Amino acid sequence: MKIRVSTLVAGSIIAVSLLSIASQAAATATVDVYKSPTCGCCDKWVDHMREHGFTVKTHDVGNKEIRKKSGISESLGSCHTALVNGYAIEGHVPAPDILRLLKEKPKAVGLAVPDMPHGTPGMEGARSDPYNVLLIKERDEVRKDTTIYNRYDPYAKKAERSQSANPEPEKSGSVMRLK
């Protein structure tokens, strides 16, 4: 019993330490967001970032110039571009993926969620579409050459939940019993 309790305590300490490191990375990271002054979904994404501990500065000048300067191709474009700790973030990338990027520090241009998929941070509503967060490894890399960094599929989660709620009955290996 003592071993289990000490293992639980050690695991809890490690988990708290990791959360502290992640929140510290967010607290020290200032995100510069380039967006249209009239885009409501960009404002919601900025709120999402602040809720996850980031300091955010908005620049209401549009994002085409900064996107190009950052090395993000048009095929990966979205409504806003952000810069954080040397990385470019294009579109409605979830904050946990940005925290992971800042922790792992891969050699990359940054992350992108091209277009404006329903259900992404800032684009919440009645509809949620599957989407990928893409890792951009090289400047001006096009969508088909990027790497999937994370997948979001609300339909897969619904299918898992309904399957666990209605498990298939166990099948017996024998139909007839002999006496």
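**Exercise 1. The setting of Asp97**

Is Asp97 buried or exposed? Classify this residue in the predicted model and describe its surroundings.

*Solution.* Begin with the location: Asp97 belongs to helix α4. Next, take the relative accessible area, which is 3% for Asp97. The cut-off for a buried residue is under 20%. Asp97 is therefore buried. The other buried residues of α4 are Ala95, Ile98, Leu99, Leu101 and Leu102.

Then list the contacts of Asp97 beyond four places in sequence: they are Leu111, Val133, Tyr149, Asn150 and Tyr152. One of these, Val133, is 36 residues from Asp97 in sequence, yet the two C-alpha atoms are 8.0 Å apart.

**Exercise 2. The order of the elements and of the sheet**

Determine how many helices and strands the protein has, and establish which strands stand at the edges of the sheet.

*Solution.* The count is five helices and seven strands. Read from the N terminus, the elements follow the pattern α-β-α-β-α-β-β-α-β-β-β-α.

In space, an open sheet of seven strands is arranged as β2-β1-β3-β4-β5-β6-β7, and its pairing is mixed. The ends of this order are β2 (55–59) and β7, each with a single partner strand, so each has one side without a neighbour in the sheet. From one strand to the next, the twist averages 20°.

**Exercise 3. Antiparallel pairs within the sheet**

Describe the pairing of β3 with β1 and with β4, and then that of β6 with β7.

*Solution.* Consider β1 and β3 to begin with: they are antiparallel and share three bridges. Within this pair, Asp32 has Leu83 of β3 as its bridge partner.

On the other pairing of β3, four bridges connect it to β4, again in the antiparallel sense. Here Ala82 is matched with Ile89 of β4. β3 and β4 form a hairpin with two residues between them, and Asn85 in the turn has a positive phi of about 45°.

Finally, β6 and β7 run antiparallel and are joined by five bridges. Val133 stands opposite Asn150 of β7; both Val133 and Asn150 have already appeared among the contacts of Asp97.

**Exercise 4. Helices against the sheet**

State which strands α2 lies across and which strands α4 touches.

*Solution.* α2 lies across β1, β2, β3 and β4, and runs at about 160° to β2. α4 packs on the sheet through β3, β4, β5, β6 and β7, with its direction at about 145° to that of β7. Just after α4, Lys105 adopts a positive phi of about 50°.

**Exercise 5. The nonpolar cores**

Identify which element gives the most to the largest nonpolar core, and trace the contacts of Ile89.

*Solution.* The largest nonpolar core has 25 residues, and those touching the most other members are Val31, Trp45, Met49, Phe54, Ile89, Ile98 and Leu111. At least two residues come from each of β1 (30–34), α2 (40–51), β3 (81–84), β4 (87–91), α4 (95–104), β5 (110–113) and β6 (131–136). The element that gives the most is α4, with five residues.

For Ile89, set aside the neighbours within four places in sequence; the remaining contacts are Trp45, His80, Thr81, Ala82, Val84, Ile98, Leu101 and Leu111. There is also a second, separate core of seven residues, with Ile72, Leu76, Ala88 and Ile136 among them.

**Exercise 6. Aromatic rings**

Explain why the pair of Tyr131 and Tyr152 is stacked, and compare the burial of its two members.

*Solution.* The structure holds one aromatic pair. Its ring centres, in Tyr131 and Tyr152, are 4.8 Å apart, and the planes are at 10°. Planes under 30 degrees apart count as stacked, so the pair of Tyr131 and Tyr152 is stacked. The two residues are 21 positions apart, Tyr131 in β6 and Tyr152 in β7 (residues 147–152).

As to burial, Tyr131 has a relative accessible area of 10% and is therefore buried, whereas Tyr152, with 21%, is partly exposed. A further ring is that of Tyr149: Arg100 lies over its face, 3.8 Å from the ring centre.

**Exercise 7. The chain as a whole**

What percentage of the 179 residues count as buried?

*Solution.* The buried share is 36% of the 179 residues. Among contacts with a separation of 6 or more, 57% are between residues 24 or more positions apart.

Notes:
Residues are numbered from 1 along each chain as its sequence is written. This is a predicted model: local features need pLDDT of at least 70, side-chain atom pairs count only at pLDDT 80 or more; totals for chains, interfaces and linings use all residues. Side-chain values use heavy atoms; hydrogens and water are left out. A nonpolar core is a set of buried Ala, Val, Leu, Ile, Met, Phe, Trp, Tyr and Cys residues joined through side-chain atoms within 4.5 Å. Buried means under 20% relative accessible area, exposed over 50%, partly exposed in between (1.4 Å probe, protein chains only). Contact means heavy atoms within 4.5 Å. Rings of Phe, Tyr and Trp (its six-membered ring) pair if their centres lie within 6.5 Å; planes under 30 degrees apart count as stacked, over 60 as edge-to-face and the rest as tilted. A charge sits over a ring if NZ of Lys or CZ of Arg is within 6 Å of the ring centre and within 35 degrees of the ring normal. Two strands pair if DSSP finds at least two bridges between them. Axes are lines fitted to C-alpha atoms, for helices over the stretch in contact, and angles run from 0 to 180 degrees between N-to-C directions.
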